[in-house]
Structures are given as C-alpha cells and as structure tokens.
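Here are a few friendly notes to read alongside the model. Take them one at a time, and keep the structure open while you do.

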Amino acid sequence: MMNSTSASPAAPISASGDGSDARRNSKRPKYSRFTQQELPACKPILTPQWVISIFTLVGIIFVPIGVAALLASHDVVEIVDRYETDCIPGNDKIGHIQNPTSNKTCIRVLTVPKDMDKPVYVYYQLDNFYQNHRRYVKSRNDQQLRDKNKANETSGCDPEKTTANGVPIVPCGLIAWSLFNDTYNFTHNNGKALTVNKKDISWKSDRNHKFGSDVFPKNFQNGALIGGGKLNPKIPLSEQEDLIVWMRTAALPTFRKLYGRIEVDLKENDTITVVLENNYNTYTFGGKKKLVLSTTSWLGGKNDFLGIAYLSIGGVCFFLATLFTVVYLLKPRKLGDPSYLSWNNNRLMQ
Amino acid sequence: MTRAEKIRDKLRREKLRWSKIYTFNCARANPELIDFANPFNGLQGPGFSRKVQCNQPSLHRRKPLHYPSNYISTTKYNIITFLPKAIFEQFRRVANLYFLLAAVLSLTPIAPFSAVSMIAPLAFVVGLSMAKEAVEDWRRFMQDMKVNKRKVSIHKGDGNFYYKKWHKIFVGDVVKVEKDHFFPADLLLLSSSYEDGICYVETMNLDGETNLKVKRALDVTLHFDEDKTFKDFYATIRCEDPNPSLYTFVGNLEYEKQVCSLDPNQILLRDSKLRNTSYIYGVVIFTGHDSKVMQNSTESPSKRSSIEKKMDYIIYILFTLLVLISLISSIGYAVYTKFGMRNWWYLQPENASTLYNPLMPALSGIFHLVTALIMYGYLIPVSLYVSIEVVKVLQAMFINQDIQMYDEDTGKPAEARTSNLNEELGQVDTILSDKTGTLTCNQMDFLKCSIAGVSYGVGSSEVEIAAAKHIASEFSGSPGHNCFPADYWDNNVDDSSVIQLEDGITCKVVKDPKPKIKGFSFEDDRLMQGNWVKEPSRGTLQMFFRVLAVCHTAIPEHDEENGTFTYEAESPDEGAFLVAAREFGFEFFKRTQSSVFIRESYPNPLEREFKILNLLEFNSKRKRMSVIVRDDSGQIILFCKGADSIIFDRLSKNGKMYEADTMKHLNEFGEAGLRTLALAYKVLDESEYSTWNAEFLRAKTAIGLDRDAQLEQVADLMERELVLIGATAVEDKLQKGVPQCIDKLAQAGLKIWLLTGDKMETAVNIGLLRLGLKQISISTMNTDFLDQDAKKAFLSCLEQNIKDNILLQITNASRMVKLEKDPHAAFALIIDGKALSYALEDDMKHHFLGLAVDCASVICCRVSPKQKALVTRLVKEGTGKTTLAIGDGANDVGMIQEADIGVGISGVEGMQFPALYQQGPKNLFFDWSRIIAWTANGLYSSIVVFFINISIFYDQAFQSEGQTADMAAMGTTMFTCIIWAVNLQIALTMSHFTWIQHLFVWGSVSTWYLFLFGYGFMSPVISGNAFHILIESLGPAPIYWITTFLVAAACNLPYFAHLSYQRLFYPLDHHVIQEIKYFKKDLTDEQMWTRERSKARQETKIGFTARVDAKIRQLKGKLQKKTSNLFNPPKHEINLPPPCIYSTANLAFSRQNFIASPNLHQVETPLPLHLEMKVKN
C-alpha cells in the first residue's frame, strides 16, 4: 500500500488510488459467519454402517406397524350386500325406478359372520358414480347453504339454479339435486327393530359452520326433472345430515357414505332383516348399490392394503440392508481411499 | 517562496524541450501544409463530415453542426422504456409466456383453478425478476452519473476557465486537463506544460498498454499555452466521423488560413490519463457516445446463462410432455363424454353447456384440452426461474460480501454487476484475459543484477521461493514441517524457516516483509551501504550504477515531506532502475534541458553533471536505449541498455569479457521469471563523436519518407563496439493472488488466452510461457514505418497476398502441431493485432481457431478492444464452451460483454481442490442422463403417492368414527405426502447442513401444517371442504400420519438405495474428498494432498506451476550431481547467508563449474514460421 511506508516512495507511475482509510474501510464487507459462508455445518457421510443401520432401522419400524395395521384390519367385521340387481323386478329396470308410483320396497336378510361390537356403522356404497366430475363438484353454492339471506346466491349451481319461474332453489346445484334416497330399516333376529341412529353422521364443523341452522330447503325438487331425494322443508339444512354427508363429494367413482349407526352389539350368526326402499336410480349408468355394515378399528374400516404396504417396504429395507452388508463384505471400499479418485481410476470421468 | 512562486518554478523546470532530446518519438517533418486551393482532399464525402468550430461550442448545440453532448449512459432501460422492455425480457422466457397464457385463460370458465391462483404467482415471479433488473440498472445509472459528474476546466470565453461537469461539455469546447486526470472526451491537443507541446498519456484503460505514450501538439497551436491566450482562438477542424478505431485519425486543422493535417499523435482519447505533464489544453472533437472508446463498446446484451438456455430446452420437453398428457386426457374425456356421460343423469347431460356436451364431444374435448394444459401446468414449475433468480441474487450478495475477495489496497470489495451468470462461473472452459493491469501490478521490483560476471542479489523471485520450498519439503519429508508441501502457495510459512537438506545444504526461506522501498527488493550486503567500493571490480560497478542513473528519460520530483526524490518515468522499469541507483548511492536529482545531475555518495559524496549530447530512446523495434553524455571530466561516454540479444550482438572484442557469465546469469534470471536488460557502455573520443554527430544531425533534419530509416541507421552506427557491464533483473510482480489463481485455473484444465494491447515482449513475459514451450508466431509484415497513404495503397494491393500468407502460416503451424510426436510438447501461439485482423475474417477464422485450440496458450498482442470482442466471440461460438473474460478497463468492455462471463480477478479460495472443478465444465451435474433420471424418479414418486393414497383411502372409513374420506381429505393427505417426499428428497441430496438448510427443509414441512391449520380456520366460504380439516378429520386420524410416513419412505427408498450404492462402491471425487476430510486422513498422511493434487491437475504447460516444475527439475538435477559429488566435498561454506536453496546450489555449482544437466536448459525453439515480407518502398 502506498501509505504504508515512511521511506521514500519510488516512481509515482505506479501509484494508484486515493482517499482516506476511513472511506476504504467503509466498503469492507462486514464479517459474519453467514456472509462469509462459514456457518457451522453438519456434514453427514453415508458410511456403510450408516446405510445398513438406516435400512435396518426403517425395516424395524415398518414391519411392526404393518403387523398392527393388518391386525386392525382383520379385527374389523364387515357385511357387504349388493342389492340393486335383486331389488328390481323385470326387464324395464329404468322404467320401474323412474316410475314414482311403483313399489320399490325390497327385503334383504343378512347374517352376521362374527361378533360385531357397537357401534356398527351402516353405509351405502355406490359404484360407477362420478361424484368427482368437474361439472358435479362445482355445482353448489356454499354461501347459500350457510346463510339464509343468501338464498339468491346461486352462482355455480348450473343447471339447478332456479325453478322454471326463476325462483332460487335452496339448496341449489346438481349435488343436492341428486341426493341419494334409498332407505334402510333393520330388524334384529326375530323382529326386534334395530334403530339406526342418523345423528352426528356428518362432520361437526359442517353442521355448525357450513349448513345454516336457519336455512330451510326451498323449491327443492319442484321442477320438471326430479333428481334424487327430497328434503323436508321444515327441517333446517344443519339437521339434514344425509344431505350434509352427500355434499362431501367423494374422490373416486366407488364410494361409501355413512348412513347411520346401529348402537347394539351384534352376535355371530345373528340374522338381520333389512327392509329397504330402492328409490335411487343407478340403473341408467349401470352402477352397483351395496349396503355395508361395518365396525371400525383405530385405523378405520377394513383395508389390508396399509398393512401389506408397510410390511413390503419393511421387507425391502431388510433385504437391502442384507444386500449391502453382503456386497460390502465381499467388496469393501476403504473410506477416504484416494485410489477411488477419478484420476486414479483411469480417468473414468473423461 | 510563496506557493505561487513554487508552482511557477516547477513549471519552469518542466518547460523542457523534450522534442530536442528525443530522437524518434517526436521525429516529425515540418508541419505539412496542405495545398490551400484544395484543402479538403480526402476529407469530404461520407465518413468525413465532421466539422468542429474550435472555441465556439455554442455552434454545436444546434443544427447543422449539432453533435451529442458528452453525456454517457450505459443503462439498459430508462424510465419510459423500462416497463415495456423489462416485461418483454421477462416474457422471452418460454415458461413465463406459458404462464401468461394460462393466466389469461384462467379468467374464462375453462380454467380449472381460480384466476387469482394463476395470476398471483406469475405476477410475483415476474415482479421479482423485474425488480432485480431495475436495481441492477439503477446501479449502472449511478455509475454513469459518477462519470458524468466529474469536473474539468473549460474555457468560458475571454480567457477565463471554469470547472464544469463532464456531461456539459460540447464539441468545440477548449478544456484544460490537469495531471493524472482523465480526458473527458476525445480532444485535439493544442499545447501542454512542456514548451514544445508534448504530453504523456497513459492509455491503459483504452488498449491496455502500460507504457506511457508521447503525444505532440502541432507547432501552430503551441503558443496557446496560457488561459488568456484562448480569448481569441478560432480554428476549424474537419475530420472523420465517429468510429471505433483507436489508432487512426484523419483530419485537418484550419487555423489562420493555414491548413495542417492531423494524425493520431495529436488526439487525446477519452478514458486515457494525462501523466507526467502538469496540464494540457485541448479542443473537444468527439463527445459522449461519439468518442472512440464509447464507439468501441457494444450494446450491453441481456446475458442468459447456458443453464438458462438448457432450461428452456427442458421446458420445451416438459411442454411437449404436457401437451401429450393433455391430449390423451382430452381424448379420453371426449370418449367418456360421448359414451358415458349421456347416462349420467346426475350431471343432467341434456342441459349441459358446451364444456361438457355429450352431443358435441369433440368440442368439449378441445375445451378440455385447454383445461388440461392449464391443470397439468404444474409440470412446468412457475417458480423455476424465480427460485433460480433468488438463489443467484443471494449468490451475488455472497460474492459481494466475501472478505476474501476484498482488496485491501484499493478498498474495493468484489462487485457482481449482474447476478444472471453466477452458475456459469463453474463451467468456464476458456479464459480470455487482458494482461496488463489485470494480472500484473505493473510495479517493477529491482531484484538482482549481474555485474562484471558476478551475480548479485539474494532476494528470491516468487518462482524460486516456491521451487525451493517444494524441493526442501521433498527432501526432508518430515511431517509438520513449516514448508508445508501441499501448497506452493502456502502463505502461513513463518517469516523465516531453515530447511535442512539431507546432504547438509541449508535452505533458508525468507519471506521478507514487504520491501521497504517500492520498486527495490534487492538485497546483497556486497553492494549496499557503499560496500561495493570494496569489491574487486569496483570500476565496472560504478559504471553499472551510472548507466542506471543516467540512461533514462525520467524527471525527478522532489518530495518535500521526506526530502527524497521520486521519479516520473515513461516505464516502470526505468522507475525501478532509478530507485535502485539511488539506493546504491547514485541519486539522480535534477534534469535540465541539457544535463542530468547525479549525487554520488560513495566513496566520497559529490554531485556530478552529465551533459546529455544525444538521446537515442527506446522503441520496440530498436529494443535498446542509449544516451551519449559528456561527464564532468570532459569524457564522452555512451551508455546503453537493452534486450540482451541486441546488446550481445553489439559488443566489441574487448567488451566480451563477461559475456559468458552474464549470459548464464541472464538465463537464470529468465528462469526465475524476471525481466532482464543488459547494460553496456562505450567511451568515445572527441573526433569520433563529432563525425558521427554531424551525420546524425543531417539525418535528423532530413526531409522525406526515409528519414526514420536514416536516423535509425545512424544510431545503429553509434551503438556498436560496446563494452558489456552486466545485466539487471526486475520482477514485474503479478497482482496478489493472480499467479495462484492462474495456476489453479490451468491445473483445473482451463485454457487461458491472453489478449493484450501490449507489445509481444511484454506479453510473453507474463509467466504464461515457460522455457521450452514451442512458440508459433503469426504476423504480418511490418508496415509501421510507412505513412498513412502509402500504407493504404500497399494494403489494398497486397491485401490478398498478406491474407494468403497468413493462411499459409496457420496451416503450416497446424500441420506441425498435428505431426508433433512428443506428448509433452506444448505450443504457444502468438499472433499480433494486424495478423489477427486477417485471421478473424470469415473464411480464415476456423483455421485460426483450430490451431489455437491445439495450443496450450494463445497470446494475442496489440489487439484493439474490438478485436478482443471478436476473438471472444470466435472462441465462444467456435468451441461452444463457456468463456470467461477478465479485464479491468474500458478497453475490455467489448470483450467482457461478448464473453459468457466477464470478471475482474482477485483470487480464489484457498483450499479448493482444482480437480473438483473439472466436474463443472464436464457438466457432470446437469447432463441429460441426470435430467432423465430425475424425471424418472419424479414419475416413480408421483405414482407411489397417487396409488398408495388411492388404495388406502379406497372406500372404507378412515378413522374410528366411521366417516369415509371425501375428496378434500384424500387430496390433503396426498399433498402432505408430496411435501414430505420432496423435502426428504432435498435433504438426501444435501451433504452440508447448516441451520439454514435445516430451517428451510423442515421449515417447509412445518409451514405446510401451519398453512393447513390456518386455512382451516378461515371462513368455509373461502376454505370450502378444507374447513377444519386438520383439527377435525385428518389430525385425529392415525391413518393420515401413518400414510404420510409410508409414502415418504416409499418415495425416497430407490433414491436412497442408489445414493448408498454409488457412495459405497462408485464414489465421485467430492465424496472421496469429503470422506478424507471427515476421517482426517489428511492429518495422518501429509503427502497425500500434494500427491493427489499433482495427479489431479490437468497437464499444465503454462503458468506458475509449470515454471516451478521446470525449476524443480533443474534443482533436482543439480542435487543429484551434488550427492554424487559428495566424495569430494566442496570447500566452500555451505551455510552462506543466501537465503534460499537455489542460490546456495547455484553458487556451489557455478564455482565448481558444473555443467547443468541437459534438460535444464531447454532452449526456446522459435519456429521458422515467422515470415517477414520485406516491402520495399
């Protein structure tokens, strides 16, 4: 630096820069570990020990979870009864189902395969029903459902917005319009009626926040085209739990929806007689209808997939752990061995 | 004395008539008076329309002579153009264009999402990028303003001068520029503080040349040398239009009915600096963007990095994929709509709109195609560019903040002007460097000398220190040694360390503290403090010092603060010599028109006057400089200094006494990377001199084209029969960190091209060349001595000839390079600016490039800025590799803009392993197989996420309360899985976790849950089915958490397995090095780094390491001899004060007359390709 010496500075030809030290120092970047990229860092290295232990550990965690999930699934007792073929007479199924006056009552007898502890959940299952169609999913208006002053809010509800004379429909839209309306009545063994509790089958948040307790159905299913079920205009939407459950659109074309709860223990070999009203038209699109009675475990209903998946992944991990151990024993590599550097390796990289 | 008197005194002293002293520089025939009847010959018509009314700038503010003001602007945008231009720039990116389209479409019912969710991210992304551009352009603007607001003294009328801002200067203004100030515009020199109107100009910013140039005003304007004289100054200049050629100027000055022709000698260019001259007066000819330097700058392009370009390709591919998926999806949709939907009564197909009409499935399908294109648009990440941009801005910030890139000397931190190109830094293949200023300090250090066949000076050059350290460490081999061998550049060595070699030779490496005297690092007690008088050859020594003190063109300046003299010299070498002479006790303190005064301290202090009779100054053709003086005893002596080859050719029979020894020393100096000059003298008798002088005067006053030739011939006659005194060796210190940097770059396999405005000799000296490198020179005939018109005529008729000749040279050289059998042979291509201009023509450039690529280093000398840019473009486009241009001044702007990256070098980080860099240019981490592998991994993950979720949430209840999962529950679970899978993936790819990584990886995951929680608390009108989703349905359900865990593991399993496999069995270099560091192997095996380093680096034939290697070979050879000679131990004391092994060894062996092993003296083999066509006038 030019100001560093008191001895005679030589040819000023090479002198450069001016200004005071203070100005210079102000431009000096401030030191901090962050700006200098010197933050303390953890630099884990995948050693064979680590690799093998990680795979083993994952295996050790996954297999028990898989076993537990499978056990839970196996504890669940499920009765599935497909009835849409048996509950319709003759050839003209569509004509029968669309005829409002035809008798649609049907009787099914179910046998309990194993003890079913209460509560036993009752579901209806539809098949080939595209509740996830874009046109269908969008055809509702949440504002109208929760606020009685917003009955006129029917945007998005096409084509079930208003009646023919322009009065808004509450609840509007295709979802509500196509409400499922089969009904089930259960009799235990020899005629003792099994009550189905239909309260609290929907999410509490739906009842309290999404469907207004002062919003009543208006002009619903009054048009020329009748879709599914009708609603009692005296009961506020927040208490129309079948509608609330139906309005939670399913992700897949096969879905179950909660119908109610039987709050009685069912014993093995008990018979249950179901008197059902086969009102809902699935015949046009060839959909199946099933009645499902099921208990639940901590994981929910009967589904072995989760357990199997856990067991498979756990198994793969054990396998990989073994494989790495074997390969490592057969062909070990000294860590940090410079001979593995590319230039010692016949210039593999070039 | 009052201050004013002092100044006047100074001015008087400076009123030297240099033109009388100089023989060649100011040689000019009488001012050419042009035939007044036809004064505009050649200066009319297109290209020569400029007319400057001197001292009447007001005439140039309006038509017809309106020229732009001196305001310059290098910004990309201005306030009005910013918005449209920046937006255009943004939507040049394919992805942004796609998102714009999607955003527009999202306003229609076709869109699957709400308009806000499409527009908001796009606006954010584009806004951020534009803000970045704006900030960067603002910085450029501020820089321009800084330049525009510089002040210069301007004639306001009536002989009064005022300071005015640069941007207010107009053509025709008379300006007064003071010493060490930049010229504000292109000026015509009128007069200077020197009586004969010469001035010194430093053009480093312009063409990179470091030596000062002499400019000389026309005689007719010489008398305008005071403010007052400009009261009535009127003249007209007619000249060429603005053009980028720095070395030409054609014009006339009409003054008082005389017409004088102007040439580049009178033109002072913007951005060059006035040196060694108190002030000059000049008339502004070209202003602002008309000035030559601005003409040389090309439009600053919006640079897009190669990654960004590649990313565009990826986006095209993704887009194709997207279209394909959407097409399949919409065909399926159309089929379903036609055959399925009419039965789906719950959709009321009879009332359906066109979007879903089963009667018009094709139309619905087309609409669906658009929807799908938008919906699957997540294939093209909207945040792709913005995340890269944010990363780059941060990188730029880190670069700017890096203390290691902070330069203490100038107080400047590194400054990344644009953050667009950071990632390219890792992919550079070819470096194009401007030499001077950028690489060297341009500060000469007098280090050694050889006088009367004895080598003096024990200081060591950088090359020697490094070689000695290396050898020493290799011989001692003991761990924990001070001379840590891993790094030639280890600066942590103690100030002084003694290395004991096995055979008893002691090497003392002295890291001397900063030299106390600038330009003088010489150390040798035999000469210092007047000790030289005790040496046997004191007479020769005295003569040597006198040559140093007398033979120059410098002016002493008294520094009143500490009472010493500083010197204003034309070249830094001269400055160093004068400082050296002063330190030896021969202080040059005064120069008059005819004499040089020296204060000699030893043996007895006295002042001597040397009358300067003639001065034959240095030029690149002569490569020597002589003065003829009469000393105080009346004796006439010629002192001469020059390139060794030139001097050796001119020795008398009696003058060759020291030739052999000096030659040997010169070789040693050269190998040590020093610049050498030989010194000689000759005593003349009176009659001999007067005969010669008469002839010389005749030549000097001769008129005609061959005057220069005559002068040279006469000078040549005098500079013969010399007596050799010795030689000097100065070190042109490279800028701190630069040699290390170049060295590492070379080791990392980068090619380095040197594009310099300097002369060939200076350029070759830089250290990029080592001995033994075969040089290929390509040049044209020398047309320097022809005057303009003749040259033009010649060029036009010989153009084709020259071109053919150069092509022949290139093809010959290529053939030779190809035929070379020796794998270690390295070639250096040296080409000068003129030959380059032919080589760069379209039909030749590929031959040229082909040859250049085969050479280890390429040096282009005397190239203009435009050529620098052209060469850069040629390399960039011809090789398709990333280029990096290093430069420091305006002369490099074109090159810097043309290159993929432009930087100013300051040094690289210490322990970076250069070999790892090789992964960069090879693009190991961004090649197509990697891209495809990652895509496959992504596909796998998406399949896993989708099907596991579908299967788990199939139809049964998903928790113990019996409810089944609806769309919202399933979707949310899926997304949670994605969040985990992706972040785990990121964590797995990282090898370096600081709190920042932890924060961002785990922070992303937690943010998702926080978002879900918060969003769930918003009104159901907004959140819809996501209302209370986490706290009510998903949170309490164990299956939600278990699924996440399963999917995250399943997604990352293959990648982790691959990673483990690769790391365990096929590690990449950085893995191994990480392990070495982790297990601290380097502490137990000290030699390892050195060993691996030497293996890792690419064969480097240039740079410091190559030189050190050569030195090491040499030393080893000597040591071998030494050990074999141990049977007769040498008599001399080995523990001599010389502080470094090589000097010990040198002394030892030179005294015993050892013949060095043959490989040490690799002799330069200039090829017979240097064809010179003699053109006869």
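1. How many residue pairs are in polar contact across the interface of chain B and chain A? There are 23 such pairs, counting those with both residues at pLDDT 80 or more. That cut-off applies because this is a predicted model. On the chain B side, helix H31 (residues 1038-1065) gives the most to the surface touching chain A, with 17 residues. Sorted by class, that side of chain B has 66 nonpolar, 37 polar and 24 charged residues.

2. Now for the interface as a whole. Chain B brings 127 residues to the contact and chain A brings 119 residues. Together the two chains bury about 10900 Å², with 64% of it on carbon and sulfur atoms.

3. Two salt bridges are found across the interface of chain B and chain A. You can look up A:Arg248, which forms a salt bridge with B:Asp966; their closest N and O atoms are 3.0 Å apart.

4. Try A:Asp142 next, which lies in helix H5 (residues 142-146) of chain A. Apart from neighbours within four places in sequence, A:Asp142 is in contact with A:Lys210, B:Pro1020 and B:Gly1024. Its C-alpha atom is separated by 8.9 Å from that of A:Glu153, 11 residues apart along the chain.

5. Finally, chain B has an open sheet of six strands, in the order S3-S2-S4-S13-S5-S11, with antiparallel pairing. Strands S3 (160-165) and S11 (267-268) of chain B stand at the edges with a single partner strand each, so one side of each has no neighbour in the sheet. Within the sheet, five bridges join S4 (residues 174-178) to S13 (residues 279-286) of chain B, and B:Lys176 stands opposite B:Tyr281 in S13.

Conventions
Residues numbered from 1 in each chain as written. Chains lettered and ligands numbered in written order. Predicted model: local features only at pLDDT ≥ 70, side-chain atom pairs only at ≥ 80, totals over all residues. Heavy atoms only, no water. Helix = DSSP H or I, 4+ residues; strand = E, 2+ residues; numbered from the N terminus. Contact = heavy atoms within 4.5 Å. Pairing = 2+ DSSP bridges. Buried area = accessible area lost by both parts, 1.4 Å probe. Salt bridge = Lys/Arg side-chain N within 4 Å of Asp/Glu carboxyl O. Polar contact = N/O pair within 3.5 Å; in protein donor to acceptor, adjacent residues only side chain to side chain. Nonpolar A, V, L, I, M, F, W, Y, C, P; charged D, E, K, R; others polar.
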